[in-house]
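Biologist: I would like to learn how to read the strands, cores and charged residues of a model, step by step. Could we begin with how strands are paired?

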Amino acid sequence: MVGAAMRVPVGDLANAPALVDVAPGGVSPAAVVRHGLGDDIDLGVEASGTAARVMLRGQIGHGLVRLVGGIAPHVGLGHEGGELLRAGGTVPITLAIDVTSLYEVWIGARVALEYLGGSAQGVGISMTGVRTGGVVGMGVGFRRFLVLIELGIDHELWTGTVSDISIETNGLVLTPAIALRLRL
């Protein structure tokens, strides 16, 4: 898969001085490669912006309706101009419907935990984020080639310190995404 996603913080998260530089909004290109380890398990690698993610997924069901769950640890740089490391993981669970490999729709829930640590613009940062939310999406195409669109809606809670000042902020993040998928 190749595509892009846009992170759109809303409300307090869009204006939180501590997070504007380390968890900003904006568009990131993305690429995903997955390989089946069996009929019901696959292993994937995703690169998006300055982060990399490994995902192990499993499914229950075949044919029209499947329940897909997984675990996805990730690591990345939190700020281009600093020495800030991001690390964490996501646990998603999704209900997927595949209609003759021409149409797909999915709806899912996810929870994630993330840590930001280091410095950005000469300021020491140590933040922990908890993200809960969901995703809805659809794909249209032909058996092996599909155009995918989805919208993620998550609530994020960030706590920690920036330059020895305690920070706690939360709010919504919208993440629309589009991708082209080729199955081999």
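Modeller: Two strands pair if DSSP finds at least two bridges between them, and the strands themselves are DSSP runs of E with at least two residues, numbered from the N terminus. This is a predicted model, in which local features need pLDDT of at least 70 and side-chain atom pairs count only at pLDDT 80 or more, while totals for chains, interfaces and linings use all residues. Residues are numbered from 1 along each chain as its sequence is written, and side-chain values use heavy atoms, with hydrogens and water left out.

Biologist: How many bridges join β9 to β10, and in which direction do these strands run?

Modeller: β9 and β10 (residues 165-182) run antiparallel and are joined by 18 bridges, with I149 standing opposite I178 in β10. Two residues lie between the strands of this hairpin, where S163 takes a positive phi near 55 degrees. On β8, 18 bridges likewise lead to β9, again antiparallel, and V136 stands opposite L151 in β9.

Biologist: Which residues make up the largest nonpolar core?

Modeller: In soluble globular proteins, nonpolar side chains tend to be buried together. A nonpolar core is a set of buried Ala, Val, Leu, Ile, Met, Phe, Trp, Tyr and Cys residues joined through side-chain atoms within 4.5 Å, where buried means under 20% relative accessible area with a 1.4 Å probe, protein chains only. Here the largest core has nine residues, L13, L84, L116, A120, I125, M127, W158, V162 and V173, and β7 (103-120), β8 (123-142) and β9 (145-162) each supply at least two of them. A second, separate core of five residues includes A96, W106, L146 and L148.

Biologist: Why does W106 count as buried, and what does its side chain make a polar contact with?

Modeller: W106, in strand β7, counts as buried because its relative accessibility is 14%. A polar contact is a pair of N or O atoms within 3.5 Å, one able to donate a hydrogen and the other to accept it within protein, and residues adjacent in sequence count only if both atoms are side-chain atoms. The side chain of W106 makes such a contact with the side chain of E150, at 3.1 Å.

Biologist: Which side chain of opposite charge is nearest to D98?

Modeller: Lys and Arg count as positive and Asp and Glu as negative, with His and the chain ends not counted, and a salt bridge needs a side-chain nitrogen of Lys or Arg within 4 Å of a carboxyl oxygen of Asp or Glu. D98, found in strand β6 (residues 83-99), is buried yet has no salt bridge, the nearest side chain of opposite charge being R66, 4.2 Å away. A polar atom of the D98 side chain does, however, lie 2.8 Å from the backbone nitrogen of S101.

Conventions
Helices (H or I, at least four residues) and strands (E, at least two) are DSSP runs, numbered from the N terminus. Buried means under 20% relative accessible area, exposed over 50%, partly exposed in between (1.4 Å probe, protein chains only).
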